[in-house]
Amino acid sequence: MTTPEPPPLPPLPPAARPDDAERRLHPASWLFVLLQNLRQFIVPLIVLLVAGRRADDGPAWLPLIGIGALVAVSVWQYLTFRYRIADDRLVVRSGLLERSVRQIPYSRIHNVAIHQSLLHRLVGVAEVRLESAGGTRPEAQMRVLRLPDALALEQLIRDRGRSDPGAPQPASMAAPGDTLLALSTAEVVKLGLISNRGMIVVAGALALAFQALPDRTAGRWLFEGGREAFGYANTFAATWMAKTLVLAGAVALALLAIRAFSVALALVRYHGLRLQRQGRRLTVERGLVSRSRSSVPRRRIQAWTLREGVLHRLFARRTLEIDTASARGSDGQGQQDGRVLDALAPIATAAACDAIVRDVAALASWPPTHWRPLHRRAWLRLALGAWLPTTVLCGVLGWFFGRWGLLGLLWLPWSAFVAHRHAARAGYAIDTAMVAVREGWWRRHWRFAEIGKLQAVELRQSPLDRWTGMASLWLDTAGAQPLAPQLRVRFVPLAEAERLHAALSREIARRPLRW
């Protein structure tokens, strides 16, 4: 029986065909590098313009020397940066006095991020970031390429450099593929209402005000504004009930404003989001003013996280996130502007999230039909973890404030109720393909990974675990996000934990690591 030949790969555009010629960036590249370098000086310039300059600050032309130096550095970087497209790798040359030659095999590139700000879109260019597993910096960062060249380079990496002659160049950021998810404007508005990103705007505005305004001006404004608000409440309302209603209305207006900021941020970041499967890669394109396009191989996904908060359940939606072994940037910039692919579905129905998991991860058994429960006294173990520090804290407060300090003990019944609900819903599922856990009651999450992606398994027992006869399994995968829930099977009977630890250890040792 003969093995059928794989279907031919789509042809590559001429801009991405391998050759021996070295290529330059776009002629306007130095301008975008200069603007990127100037970003860190925006706040000092605003402070200088708002607060004014003193006579002893030096000549007015002195800041121009620094700007001139940044211009020279930006032009220098453009003139000394070259790249060459080979059959199986990308060769990047940079520097003149201190030269470097970086060879990046296409098979090692985990994430291809194409970013377009409003200025990029007006000029018709894009920034390209090529990222590999781990590390804090991208393998190559090209500021900037013509948009067709950027898309051609992405297709080249997706197809591993195999090309056929005679194909037209792509004309837009939309490439053909199977669409797994497309968010409408209404869905993005729901995402803004569910998320709490408006607090970021408020906190950032307060931090900027305290840094930029001189000598406690921001604090004085806040104090005077709060005093005027209380004075208005005293004038408008005669009784304590009326005053309470007025203050509650003010708090409600503040919360509405925060939600409005959240909706605006969601529209700016996620408008027009489209998740596509293009051969062996997943591509997410999104953004209103600036557009971002991130691409990652499906096999590079290390772990999955489903989140469901209270507002998620109100709208019958969930969030689907992934961990990849790609660089995230030491400054967190890629994470902030969306160039790191971390959320396949920022908002979607439970059925849509499950369908994406089954399609991308090829897990036919998702969601598991049977979840194994935790230890029958797991709720007590959870409650003890909250009772002990609460009791100690209330004892200290009671020593200083008397009976009023003991009011914190009223938290104990509520924490016991929450622990009982959490333990009743939590569980785990392990089969030959994956390890999955679910936790939470008020805010729920599901965390799972393929067994072939696991790197280590650890059996842990705290003193409370030993006293209650329980143990926990901690499972490690590559590229775990700092804010993602841990992949751990908590509070199971000790004998069951030891059995699972031995079985998973054998499977991890037997299977090659897939990343």
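This report walks through some strands, a helix, the salt bridges and a surface patch of the structure above.

The model is predicted, so to speak of local features a pLDDT of at least 70 is needed, side-chain atom pairs count only at pLDDT 80 or more, and totals for chains, interfaces and linings use all residues. Residues are numbered from 1 along each chain as its sequence is written, and side-chain values use heavy atoms, with hydrogens and water left out.

## Strands and a helix

Helices (H or I, at least four residues) and strands (E, at least two) are DSSP runs, numbered from the N terminus. Two strands count as paired if DSSP finds at least two bridges between them.

Let's start with a hairpin. Strand 2 (residues 89-94) and strand 3 (residues 100-105) run antiparallel and are joined by six bridges. One pairing you can look up is Arg93, whose bridge partner in strand 3 is Val101. Five residues sit between the two strands of this hairpin, and Gly95 in the turn has a positive phi of about 85°.

Further along the chain, three strands make an open antiparallel sheet in the order 17-18-19. Strand 17 (456-460) and strand 19 (488-493) are its edges, each pairing on one side only. From one strand to the next, the twist averages 20°, where axes are lines fitted to C-alpha atoms and angles run from 0 to 180 degrees between N-to-C directions. Strand 17 is joined to strand 18 (residues 470-476) by five bridges, and these two run antiparallel. Ala456 has Asp476 in strand 18 as its bridge partner.

Now for helix 6. Buried means under 20% relative accessible area, exposed over 50%, and partly exposed in between (1.4 Å probe, protein chains only). In helix 6 (residues 185-194), the buried residues are Glu187, Val188, Leu191, Gly192 and Ile194. Seen down the helix 6 axis, these buried residues fall within an arc of 165°, so they line one face of the helix. The arc is that of the directions from the helix axis to the C-beta atoms.

## Salt bridges

Side chains of opposite charge can pair when their charged atoms come close. A salt bridge here is a side-chain nitrogen of Lys or Arg within 4 Å of a carboxyl oxygen of Asp or Glu. By this rule the count comes to 25 salt bridges. Three of the pairs are set out below.

| Pair | N to O distance |
|---|---|
| Glu131 and Arg129 | 3.0 Å |
| Arg146 and Asp149 | 3.0 Å |
| Asp178 and Arg277 | 2.6 Å |

Asp178 lies in strand 7 (residues 178-182) and Arg277 in strand 8 (residues 274-278), so their pair ties together parts that are 99 residues apart in sequence. Asp178 is partly exposed at 42% relative accessible area, while Arg277 is buried at 17%.

Arg146 is partly exposed, at 38%, and its partner Asp149 is buried, at 19%. Glu131 and Arg129 are both buried. Glu154, Glu285, Arg291 and Arg293 are linked in a network of salt bridges.

## A nonpolar surface patch

Finally, a nonpolar patch on the surface has about 1,200 Å² of accessible area together, and its members include Val392, Trp399, Phe400, Trp404 and Leu410. Nonpolar patches are made of residues with over 30% relative accessible area and no salt bridge, their side chains (Val, Leu, Ile, Met, Phe, Trp, Tyr) being joined within 5 Å. The areas come from the Shrake-Rupley method with a 1.4 Å probe, and for residues only the protein chains shown count as cover.

Leu410 lies in the loop between helix 13 (378-401) and helix 14 (411-425). Leu410 is exposed, with a relative accessible area of 64%.

Technical notes:
Patch = residues over 30% accessible without salt bridge, like charges linked within 9 Å, V, L, I, M, F, W, Y side chains within 5 Å.
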